[in-house]
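Biologist: Got a minute to walk me through this one? I'd like to pick at a few spots and see what you make of them.

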Amino acid sequence: MTTESAPAPKSGVAEDVQQGPRVAVSALITNLREYGLILALIAIMVFFQFTTSGTLFKPVNLSNLVQQNSFIIVMALGMLLVIVSGHIDLSVGSVAGFIGALAAMMMVIWPLGPLSNPLVVSIICLIIGGGIGAAQGYWIAYHRIPSFIVTLAGMLIFRGICQALLGGGSSVGPLPDGFKALSSGFIPDVIGPLTLIPPTVNAAGKTIIGSGLTLHMTTILIGVVAVLAYAYFGLKARRTREQHGYEAEPFTLFVIKTLVTSALALFLVYQFASYRGLPIVLMVMGVLIALFVFVTKRMTIGRRIYAMGGNAKAAQLSGIKTERLTLMVFVNMGVLSALGGLIIAARLGQAVPAAGLGSELDVIAAVFIGGASAMGGVGQVIGAVVGGFIMGVMNNGMSIMGVNVDWQQVVKGLVLLGAVVFDVYNKNKG
Amino acid sequence: MASTILEMRDITKTFPGVKALSNVNLSVEEGEIHAVVGENGAGKSTLMKVLSGVYASGTYDGAIVYRGEECHFKGIHDSEHKGIVIIHQELALVPMLSIAENIFLGNEHARFGIIDWNANETRTSALLKKVGLKEDPKTLITNIGVGKQQLVEIAKALSKEVQLLILDEPTASLSEKDSQALLDLLLEFKRQGITSILISHKLNEVNRVADKVTIIRDGRTIETLAKKDISEDRIITSMVGRSLDDRYPPREPKIGEVVLQVKNWSVYHPIHAERQVIKGIDINVRKGEVVGIAGLMGAGRTEFAMSLFGRSYGRRITGEVLLKGKPIDVSSVSKAVEHGIAYVTEDRKTYGLNLIDHIKHNITLANLPGVSRHAVIDDLRELAVANDYKAKTNIRSSSVYQMTGNLSGGNQQKVVLSKWLFANPEVLILDEPTRGIDVGAKYEIYTIIARLASEGKAIIVISSEMPELLGITDRIYVMNEGRIVGEMTASDASQEKIMRAIVRGEGKAS
């Protein structure tokens with residue numbers, strides 16, 4: 001992966017102006033590399049669609065897929081920034097487990113009165129997550145203790161506190177339904193459902209579940225609006241570029257890209273709509289992904305994080321407060337770890353001592369599959385998200401196929417290695 | 001005369017899209033010092049990589065004939081086996097290992113994998129004596145200076161029974177004194193029958209030691225000059241393909257009021273707390289003035305500049321900084337930048353650039369607010385700024401989306417300069433602005449400096465090349481051992497005067 005999708009930059013300088021097929025071909029090659037990961041995800045999905053005889057894309061399964069993997073992707077957003085800034089965070093799984101336990105204690109066990117309201121508890125937990133990130137980031141940023149060591153310590157500490165909180169091996173629950181909705185809920189259909197094919201009613205007068213076709217219209221509306229907005233802003237950005245005399249990427253490529261993305265998005269939206277609508281956790285994830293894409297691509301703080309990861313000394317001598325920035329990266333990671341912990345607890349409906357155990361490795365793997373560099377300075381939000389989904393689809397697909405869990409790990413390991421080898425090979429060639 | 005030891009015939013090497021070398025010929029005679037000169041990016045280093053086997057046989061066209069035998073090196077091991085040793089510009093020593101360990105790294109005196117330290121150290125002592133380095137073989141590399149490290153590299157080459165020694169810009173980071181010592185060593189080797197290929201930007205050095213000079217431009221051999229034909233003017237003309245009548249652009253200084261004044265500036269070493277590195281320095285710079293700071297390596301010039309720039313170096317910093325007569329706070333880099341001070345570092349790769357990012361992002365890094373609103377970057381404005389500075393400083397690249405790591409030294413320096421120009425400083429401190437860059441690019445940098453001065457900026461240039469300071473500055477401070485030991489106008493100054501100030505200062509300090 002390159003650091004940014006270079007939109008076939010063309011200045012007004014005469015020597016740079018090339019016309020004709022060469023531009024299109026070279027743009028296609030750059031972009032193919034850029035989208036190679038997404039193509040890989042699609043290939044993997046198609047593969048499992050066949051091997052699971054169509055189960056993968058079933059609406060129910062898609063919802064499951066999202067609900068099972070959302071916490072990985074949420075944490076991968078924070079991990080991306082950590083890795084881009086040249087660090088690592090091994091504590092995220094333990095922090096997630098600890099926050100899940102804390103939330104359960106606050107909602108179920110401790111007599112907190114009105115404070116045990118799920119929303120209040122969630123907010124308090126996110127703040128505590130930020131505090132944990134700050135505590136770890138402080139040593140890393142201001143005392144230059146290697147992040148590997150600080151967060152390895154954090155990993156042990158917070159797993160221990162998590163288990164202690166839950167009183168040894170026991171689990172705490174059940175959690176209130178309002179809280180569980182975070183993971184297993186769907187957005188309400190404010191428009192009202194549209195029944196295209198009425199469900200079949202059997203002889204006993206009961207409807208057969210899964211028969212007929214009823215669409216969740218709010219989901220459809222959100223999907224259509226999102227796709228239209230995507231196309232509109234894409235066109236608008238092109239027009240601004242052209243008005244300022246810069247050449248944008250070839251129009252055909254833009255159209256193909258927009259059409260494929262829109263078609264894929266609409267297909268998924270349709271699948272969700274024909275089940276129970278968009279999962280709430282997917283909405284949360286979607287908003288966070290959009291936010292992090294914006295922060296990394298467009299905001300000064302994002303740019304500074306990449307610069308710091310690329311060359312910390314040069315960044316510092318350019319007036320960037322690298323210590324404070326590092327601290328903020330870890331605070332952000334802490335908040336997202338806490339959110340991950342809440343999502344896990346909400347999905348399980350209870351807090352268990354092993355919640356999030358080992359998930360730091362999945363999160364880190366997602367970021368590296370997504371093309372981030374272990375040296376820092378390189379990595380994309382979308383890459384990390386796609387990397388997370390590649391892991392998730394493989395987990396899900398292989399489980400449906402009945403592949404033994406042991407062998408699933410072997411396959412995931414090989415995919416991680418293969419993805420990074422491919423990336424390094426590409427980089428050396430290019 | 002002696003026989004030909006090495007002949008490279010019609011070497012052509014292509015990288016995807018670029019022809020780095022086309023039909024280059026190089027013929028080196030036994031026992032001579034053969035200089036290879038050319039602008040950065042001319043293909044010198046590529047040629048040497050072909051010779052030493054870094055680019056394996058088969059990845060290039062042409063033939064390498066060494067001692068009458070055609071060679072097909074597959075890697076550095078093959079060429080070293082034949083006694084061809086290359087010493088790269090960036091030293092390849094392990095800092096936390098000792099001199100002896102470094103010299104015999106990968107080549108230890110050992111039996112069954114068990115190292116015989118006595119043998120290693122005895123041999124190291126002998127080698128160090130040969131290169132004139134008085135250090136204990138057990139000293140860690142990190143504890144000796146760059147000049148001595150260079151000598152360790154050479155000792156390492158000697159340990160490999162070197163017959164053809166290739167030095168890639170060996171004096172780029174050495175002081176005048178160390179450079180002289182190194183060149184003397186080369187002459188000594190010549191007497192012992194070792195053939196050397198010297199790649200250098202410094203024409204006076206080439207002039208002094210080389211028996212022959214081969215000039216390369218744009219991947220082609222231009223000509224090979226014999227000793228009697230070597231002259232700086234001739235070399236420069238061949239290198240740049242045009243004659244540089246004047247190596248420094250003309251300018252008419254218009255000097256105004258004092259912009260920056262530093263009073264009684266003192267700094268202590270960051271690790272050895274009792275060691276005072278900067279001892280009460282007073283300097284000032286005026287509007288439109290170019291002030292030079294001369295001195296030898298280790299005089300404390302970089303340390304002074306960096307401590308001034310947001311306390312980026314040292315501890316217990318005391319003293320006063322006045323901007324246009326008012327005291328300012330420069331305790332952090334961002335504060336210094338806000339007050340209009342910019343520092344272009346001496347080591348652009350380590351401290352100046354994000355090498356894995358492109359030109360555009362590097363140029364705007366020190367002034368992101370200048371291309372953004374409410375912390376959101378305006379991509380088009382940024383692109384316009386980058387293209388503007390690319391044109392202004394004449395950065396040669398396919399576009400502003402080229403990675404800075406792939407640029408030549410001169411172009412990298414222009415990117416760093418652009419970054420600080422975009423931050424719109426009033427005082428610009430340039431630390432060794434032309435180190436390791438070729439004659440043509442140097443002239444361009446000088447032109448930029450002259451233009452900035454005429455626009456009313458106050459400029460401080462730190463340089464180890466005295467002719468450069470004499471050529472581009474209005475006034476020169478001489479620094480030695482953390483003190484200012486002399487001040488002179490450029491018209492009064494001469495290399496001799498500067499050296500005398502340093503030597504006198506040395507006497508005073510000890």
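Modeller: Sure. Bear in mind that this is a predicted model. A good place to begin is chain B, where six strands make an open sheet in the order 18-21-22-15-23-24, with mixed pairing.

Biologist: Which strands sit at the edges of that sheet?

Modeller: Strand 18 (341–344) and strand 24 (483–489) of chain B, and each of them pairs on one side only.

Biologist: And by how much are neighbouring strands turned against each other?

Modeller: By 20° on average, ignoring direction.

Biologist: Let's zoom in on strand 23 of chain B. How many of its residues are buried?

Modeller: Six of its six, so to speak: the strand is mostly covered. R475(B), Y477(B) and M479(B) point one way, while I476(B), V478(B) and N480(B) point the other way, and all are buried.

Biologist: OK, and what does strand 23 of chain B do with strand 24?

Modeller: Strand 23 (residues 475–480) and strand 24 of chain B run antiparallel, joined by six bridges. Within that pairing, M479(B) is opposite I484(B), and Y477(B) is opposite E487(B).

Biologist: What links the two strands?

Modeller: They form a hairpin with two residues between them. E481(B) is in the turn and has a positive phi of about 45°.

Biologist: How does strand 15 of chain B run against strand 23, parallel or antiparallel?

Modeller: Parallel. Strand 15 (residues 290–294) of chain B is joined to strand 23 of chain B by four bridges, and V291(B) has R475(B) as its bridge partner.

Biologist: Moving on. What about the four-strand sheet in chain B?

Modeller: That one is open too, ordered 14-13-16-17, and its pairing is antiparallel. Strand 14 (276–286) and strand 17 (326–327) of chain B are at the edges with a single partner strand each, so one side of each has no neighbour in the sheet.

Biologist: How many bridges join strand 13 to strand 14 of chain B?

Modeller: Seven, between strand 13 (residues 258–268) and strand 14 of chain B, which run antiparallel. W265(B) has I281(B) as its bridge partner there.

Biologist: Which strands does helix 9 of chain B lie across?

Modeller: Helix 9 (residues 301–308) lies across strand 13, strand 14 and strand 16 (315–323) of chain B. Relative to strand 14 of chain B, the helix runs at about 70°.

Biologist: Earlier in chain B there's strand 9. Who are its partners?

Modeller: Strand 6 (residues 84–87) of chain B pairs with strand 9 in the parallel sense over four bridges, with I87(B) opposite L167(B). Strand 10 (residues 195–199) of chain B also runs parallel to strand 9, with five bridges joining the two; there D168(B) has I199(B) as its bridge partner.

Biologist: How many residues of strand 9 of chain B are buried?

Modeller: Four of its five, so strand 9 (residues 164–168) of chain B counts as mostly covered.

Biologist: How is chain B split into domains?

Modeller: The domain assignment gives domain 1 (4–240) and domain 2 (257–340 + 425–444 + 458–510). Their centres, taken over C-alpha atoms, are separated by 34 Å.

Biologist: Over to chain A. How do helix 3 and helix 4 pack?

Modeller: Helix 3 (residues 92–109) and helix 4 (residues 118–142) of chain A pack at an angle of about 145°, and their axes are 10 Å apart. The crossing is right-handed.

Biologist: What kind of residues make that contact?

Modeller: Eleven nonpolar, one polar and no charged. On the helix 3 side of chain A they include I99(A), L102(A) and M106(A); on the helix 4 side, V121(A), I128(A) and I132(A) are among them.

Biologist: And F254(A), buried or exposed?

Modeller: In between: F254(A) is partly exposed, because 17 other C-beta atoms lie within 10 Å, and buried would take 20 or more. F254(A) belongs to helix 8 (residues 251–273) of chain A and touches G234(A), R238(A) and E249(A), leaving out residues up to four places away in sequence.

Biologist: Last one: how many residues does each chain put into the contact between A and B?

Modeller: Chain A gives 27 residues and chain B gives 29 residues. On the chain A side, helix 10 gives the most, with six residues. That side divides into ten nonpolar, eleven polar and six charged residues.

Methods: Residues are numbered from 1 along each chain as its sequence is written. Chains are lettered from A and ligands numbered from 1 in the order in which they are written. This is a predicted model: local features need pLDDT of at least 70, side-chain atom pairs count only at pLDDT 80 or more; totals for chains, interfaces and linings use all residues. Two residues are in contact if their C-beta atoms, placed from the backbone, lie within 7 Å. Ala, Val, Leu, Ile, Met, Phe, Trp, Tyr, Cys and Pro count as nonpolar, Asp, Glu, Lys and Arg as charged, and the others, Gly among them, as polar. Domain bounds come from an automatic or database domain assignment. Axes are lines fitted to C-alpha atoms, for helices over the stretch in contact, and angles run from 0 to 180 degrees between N-to-C directions. A crossing is left-handed if the near helix is turned anticlockwise from the far one by less than a right angle, and right-handed if clockwise. A residue is buried if 20 or more other C-beta atoms lie within 10 Å of its own, exposed if 12 or fewer, and partly exposed in between; C-beta atoms are placed from the backbone. Two strands pair if DSSP finds at least two bridges between them.
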